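Here's a quick walk through the fold, one piece of secondary structure at a time. Keep the viewer open as you read.

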Amino acid sequence: MWVCLNEEGLRVWGDVFPDGKVPVCSMSFQDASLEGAGDSERVILVNFAALSEARKDGVLTKLSGRFGVSRDDIALAIKRVGLPLRKRYTTGVVAEELRFFI
């Protein structure tokens, strides 16, 4: 299953997900407190294990640069708590392949 990035999401994450499709772990968004965000936001967890090595590398590089910490620290944080994606960067709809419904 996946979510599609909207225009804002493509501006932020389009270099890592040029097709706009991001694999996720669940069918629903949840509230979470994100560092530097103040109030809680609606997020969905990215299925990091399903990403190609190139996309994993892109995520780690982008987040490492943004937060000023090592890629290893980012990787450990993702392993420990997951990789949240803000709902505001998505169309808000989780999709599955149609073959699961036929």
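## A word on handedness

Before the helices, one convention: a crossing is called left-handed if the near helix is turned anticlockwise from the far one by less than a right angle, and right-handed if clockwise. By that rule, α2 passes α3 in a right-handed crossing.

## How far to trust the model

This is a predicted model, so confidence comes up early. The protein chain has a mean pLDDT of 91, and 90% of its residues reach 70 or more. Which elements sit at the two ends of the confidence range? Helix α1 (residues 7–13) has the highest mean pLDDT, at 97, while β6 has the lowest, at 90. As a general caution, where pLDDT is low, the predicted coordinates should not be read in detail.

## The α2–α3 pair

Back to the two helices. Helix α2 covers residues 53–67 and helix α3 covers residues 71–81. They pack at an angle of about 110 degrees, and their axes are 9 Å apart. Angles of 65 to 115 degrees count as roughly perpendicular, and α2 and α3 are therefore roughly perpendicular to each other.

Who does the touching? On the α2 side, the contact is made by D57, V59, L60, T61, L63, S64 and F67; on the α3 side, by R71, I74, A75 and I78. Sorted by type, the residues of this contact are seven nonpolar, two polar and two charged.

## The β2-β1-β6 sheet

One open sheet has three strands in the order β2-β1-β6, with antiparallel pairing. The edge strands are β2 and β6, and each of them pairs on one side only. Ignoring direction, neighbouring strands here are turned by 30 degrees against each other on average.

Now for the register. Strand β1 (residues 2–5) is joined to strand β2 (residues 21–23) by three bridges, and V3 has V22 as its bridge partner in β2. Toward strand β6 (residues 90–95), β1 again pairs in the antiparallel sense over three bridges. There, L5 has T90 as its bridge partner.

## The β3-β4-β5 sheet

Another open sheet is formed by three strands in the order β3-β4-β5, also with antiparallel pairing. Why is one side of β3 and of β5 left without a neighbour in the sheet? β3 (30–32) and β5 (83–86) stand at the edges, each with a single partner strand, so each has one side with no neighbour there. From one strand to the next, the twist averages 60 degrees.

For a register check, look at β3 and strand β4 (residues 41–46), which pair in the antiparallel sense over three bridges. Opposite A32 you'll find E41 in β4.

Terms used
Residues are numbered from 1 along each chain as its sequence is written. This is a predicted model: local features need pLDDT of at least 70, side-chain atom pairs count only at pLDDT 80 or more; totals for chains, interfaces and linings use all residues. Side-chain values use heavy atoms; hydrogens and water are left out. Axes are lines fitted to C-alpha atoms, for helices over the stretch in contact, and angles run from 0 to 180 degrees between N-to-C directions. Helices (H or I, at least four residues) and strands (E, at least two) are DSSP runs, numbered from the N terminus. Angles under 35 degrees count as roughly parallel, over 145 as roughly antiparallel, 65 to 115 as roughly perpendicular and the rest as oblique. Contact means heavy atoms within 4.5 Å. Ala, Val, Leu, Ile, Met, Phe, Trp, Tyr, Cys and Pro count as nonpolar, Asp, Glu, Lys and Arg as charged, and the others, Gly among them, as polar. Two strands pair if DSSP finds at least two bridges between them. pLDDT is the predictor's confidence in each residue, from 0 to 100.
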